[in-house]
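Let's take a walk through this structure together, one stop at a time. Keep the 3D view open and follow along as we go.

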Amino acid sequence: MTSEVPTVPEVPAAPPVAAVVFGDALPAAERYVARLATDGVTRGLIGPREVGRLWERHVLNSAAVAEAVPEGSRVVDIGSGAGLPGIPLGLARPDLSVTLVEPMARRVEFLTEVVAELEESLGGSRWTVVRGRAEERSVVAAVGRVDVVTARAVAPLPRLAAWCRGLLRPGARLVALVGATAVAELPSVLAELRAAGMTDVEPRAVGAGLGDAATTVVVMTRGPR
Ligand SMILES: C[S@@+](CC[C@H](N)C(=O)[O-])C[C@H]1O[C@@H](n2cnc3c(N)ncnc32)[C@H](O)[C@@H]1O
């Protein structure tokens with residue numbers, strides 16, 4: 001009788017482009033990927049099948065959002081989960097301060113641990129973790145109004161826009177990493193987005209140099225009202 005030994009997925013090696021994206025923060029990005037591939041899986045935050053594609057599909061795909069974020073912005077990443085896109089964004093862009101907003105206790109605990117570990121290795125404060133829902137008053141009070149809100153796979157665009165409104169100062173930007181279907185269906189939700197106070201809604205291709213991590217984000221601006 002043969003006994004089956006469960007295979008433990010190996011931590012994937014960084015592709016060469018990761019050094020370009022993360023620069024001096026590459027060792028910290030590697031530490032983050034190792035954490036996702038081990039703790040992230042055992043704690044139920046990352047599916048075991050995702051481990052082999054953590055770099056392209058998750059970490060570099062998240063870092064691609066940086067192209068749509070202006071220099072020196074105060075950023076809030078809502079529904080951050082295991083830190084996507086907020087952690088790769090902060091690793092790729094030391095000029096940003098990033099608040100990670102997440103309602104689920106288990107995920108907040110993971111985020112808090114990861115941020116402490118990364119900040120120790122980077123030497124400096126780059127992220128803040130806030131537990132709650134984007135639309136809650138307590139979250140808006142804790143975070144204030146920011147320049148950019150990011151969100152990846154959190155909710156359909158009209159719901160996302162309504163949730164984020166309180167966090168966006170007039171003129172601030174929502175950058176949503178959504179699937180190809182949501183991008184294709186953008187014309188059908190434009191009226192709802194405008195009703196939620198959003199203007200200049202447009203898809204934008206990002207990460208052209210990142211191979212499989214290239215993606216399209218939807219960018220919109222909070223209008224004056
Ligand atoms: C599908 S997961 C995506 C997680 C992460 N952004 C990623 O790309 O891997 C959606 C996340 O949104 C969070 N979430 C759901 N409703 C939310 C809300 N109203 N405000 C903030 N986060 C929310 C969930 O707890 C969950 O962690």
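In which loop is L210 found? L210 belongs to the loop that runs between β6 (198-206) and β7 (215-222). Before we look around it, please keep in mind that this is a predicted model.

Is L210 buried or exposed? Its relative accessible area is 12%, and since buried means under 20%, L210 is buried because its value falls under that cut-off. Now pick out A63, which is 147 residues away from L210 along the chain. The C-alpha atoms of L210 and A63 are separated by 9.6 Å.

Another loop residue worth a click is V65, placed between α3 (54-63) and β1 (74-78). V65 has a relative accessibility of 2%, so it counts as buried. If you draw a line from V65 to T221, you connect two residues that are 156 apart in sequence; from C-alpha to C-alpha, V65 and T221 are 16 Å apart.

Let's move on to a strand. T150 is part of β4, which covers residues 146-152. With a relative accessible area of 1%, T150 is buried. What does the side chain of T150 have as a partner? The side chain of D77 makes a polar contact with the side chain of T150, at 2.9 Å.

Now for the ligand. Where does the ligand sit? You will find the ligand in the largest pocket. There are 15 residues around the ligand, and those that come nearest are G79, L84, E102, R107 and R152. Sorted by character, the shell around the ligand has 7 nonpolar, 3 polar and 5 charged residues.

Three of the polar distances are good ones to display in your viewer. One runs from a nitrogen atom of the ligand to a polar backbone atom of G79, at 2.8 Å. Another links a nitrogen atom of the ligand with a polar backbone atom of L84, again at 2.8 Å. With R152 the side chain takes part: an N or O atom there is 2.7 Å from an oxygen atom of the ligand. As for cover, the ligand on its own has 600 Å² of accessible area, and the protein covers 79% of that.

L84 deserves a second look for its backbone. The peptide bond that joins L84 and P85 is cis, with omega at about 5°. P85 itself is in the loop between β1 and α4 (86-92).

Let's finish with two backbone angles that you may like to check on a Ramachandran plot. What is the phi of A153, a residue that is not a glycine? The phi of A153 is positive, at about 55°. A153 is located in the loop between β4 and α7 (157-164). At 73% relative accessibility, A153 counts as exposed.

D200 also has a positive phi, near 50°, and is a residue other than glycine. In this case the residue lies in a strand, as D200 is in β6. Is D200 buried or exposed? D200 has a relative accessibility of 55%, and because exposed means over 50%, D200 counts as exposed.

Notes. Residues numbered from 1 in each chain as written. Predicted model: local features only at pLDDT ≥ 70, side-chain atom pairs only at ≥ 80, totals over all residues. Heavy atoms only, no water. Near = heavy atom within 4 Å. Polar contact = N/O pair within 3.5 Å; in protein donor to acceptor, adjacent residues only side chain to side chain. Areas by Shrake-Rupley, 256 points an atom, 1.4 Å probe, with all protein chains shown as cover. 1 Å grid on protein atoms, 1.4 Å probe; cavity = no way out; pocket = protein on both sides within 12 Å on 5 of 7 lines; lining within 4 Å. Sits in = over half its atoms within 2 Å of the grid points. Nonpolar A, V, L, I, M, F, W, Y, C, P; charged D, E, K, R; others polar. Helix = DSSP H or I, 4+ residues; strand = E, 2+ residues; numbered from the N terminus. Buried < 20%, exposed > 50% of the residue type's maximum accessible area, 1.4 Å probe, protein only.
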